[in-house]
Amino acid sequence: MHAGPIDVYVAALRRTLRGPRAAKADLVTEARDSLVDAAEHYEEGGLDRLAAERRAVDEFGAVHELAPDYQRELALAQARRTALIVAGAVAAQSVISEMAWRSASTGWSWEPDRFYAVLANTVDYASYVVFAVALVTALVCGIGTRFVTVGRRFARATGVATLAAVAFFAIGGMLLSALSPTWDTAVVMPGSPLQLVSNALALALPAGMIFSGLRSIRAATTARA
């Protein structure tokens, strides 16, 4: 059985769009329902099914003409998801790092030098800024679209900023660990369960941010139909 014009059109639209699966499925289903309703209307007007589907597809518009608007919506949905992941990851990492630091520093007489103190404060304040910006970004990509015009460039910028944040915190974290007085013992001994959890999250959270950031960049472009 050959696919009808509507099936061919919907398949092309599905191949062209990129973004979160659920949001993409909703958009494609919405487009399909609109085409089916239009075809049924033309059938009631006297056209056969094939001609009705062709007319519905022709009047709906070419995939390459409609895809940018659909893709904008998907890109913002992915950017919002990325922003929420970044906010959650940064908050979780900050809490775990603080707990691990306090646990490891019990009984220390070590006083950090000026460079270490400045670096630690920079990383801390940067985490506050990234957390706040991520929440604002999530709002802008959600209900904020009613008041602010943003599109695929904003989604791409969100992805790029996410990758930059991961790089910054990775470098800052490695420097702080390397300059810590427990660096040598941490390399030899795994440490407490809290340290193990902290180490696991130090790998998992940035990986999730990178993955979602790349998806935001990818969602900012449409594939060829």
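Is Leu135 buried, exposed or partly exposed? With a relative accessibility of 36%, Leu135 counts as partly exposed. Please keep in mind that this is a predicted model.

## A nonpolar patch on the surface

Leu135 sits in helix H5, which covers residues 114-141. Together with Leu84 and Phe131, Leu135 makes a nonpolar surface patch of about 230 Å². To qualify for a patch, a residue needs over 30% relative accessible area, and Leu135 at 36% fits that requirement.

## Inside the protein

In soluble globular proteins, nonpolar side chains tend to be buried together. Here the largest nonpolar core has 19 residues, and those with the most contacts inside it are Ile6, Leu13, Leu17, Leu35 and Tyr70. Four helices each give two or more residues to this core: H1 (5-16), H2 (21-44), H3 (49-60) and H4 (63-104). The largest share, 6 residues, comes from H2.

Leu17 is a good residue to click on if you want to follow this core. Leaving aside residues up to four places away in sequence, Leu17 touches Lys24, Val28, Ala67, Tyr70, Gln71 and Leu74. A second, separate core has 17 residues, including Ala87, Leu119, Ala120 and Val166.

## A buried glutamine

Now for a polar residue: Gln78, in helix H4. The relative accessible area of Gln78 is 1%, so this residue counts as buried. What does Gln78 touch, not counting residues up to four places away in sequence? Its contacts are Pro20, Ser212, Arg215, Ser216 and Ala219.

## Aromatic pairs

How many aromatic pairs does the model contain? The count comes to 3. One of them joins Tyr125 and Tyr128, with ring centres 5.9 Å apart and 75 degrees between the planes, an edge-to-face arrangement. Because Tyr125 and Tyr128 are 3 residues apart in helix H5, about one helical turn separates them. Tyr125 is exposed, with a relative accessible area of 55%.

Phe168 and Phe169 form another aromatic pair. Their ring centres are 5.3 Å apart and their planes stand at 75 degrees, so this pair is edge-to-face. Phe168 has a relative accessible area of 36% and is therefore partly exposed.

## Salt bridges around helix H3

Side chains of opposite charge can pair when their charged atoms come close. The model has 4 salt bridges in total, and Arg49 takes part in one with Glu43, where the closest N and O atoms are 2.7 Å apart. Both partners are partly exposed: Arg49 has a relative accessible area of 31%, and Glu43 has 32%.

Arg49 also forms a salt bridge with Glu53, with the closest N and O atoms 3.0 Å apart. Why are Arg49 and Glu53 separated by about one helical turn? The reason is that they are 4 residues apart in helix H3. Glu53 has a relative accessibility of 12% and so counts as buried. Further along, Glu59 pairs with Arg55 in a salt bridge whose closest N and O atoms are 3.3 Å apart. Glu59 and Arg55 both lie in helix H3, 4 residues apart, which is about one turn of the helix. Arg55 is partly exposed, at 40% relative accessibility. Finally, salt bridges that share partners join Glu43, Arg49 and Glu53 into one network.

Note on methods: Residues numbered from 1 in each chain as written. Predicted model: local features only at pLDDT ≥ 70, side-chain atom pairs only at ≥ 80, totals over all residues. Heavy atoms only, no water. Core = buried A, V, L, I, M, F, W, Y, C linked by side-chain atoms within 4.5 Å. Buried < 20%, exposed > 50% of the residue type's maximum accessible area, 1.4 Å probe, protein only. Contact = heavy atoms within 4.5 Å. Patch = residues over 30% accessible without salt bridge, like charges linked within 9 Å, V, L, I, M, F, W, Y side chains within 5 Å. Areas by Shrake-Rupley, 256 points an atom, 1.4 Å probe, with all protein chains shown as cover. Salt bridge = Lys/Arg side-chain N within 4 Å of Asp/Glu carboxyl O. Phe/Tyr/Trp six-rings, centres within 6.5 Å; stacked < 30°, edge-to-face > 60°.
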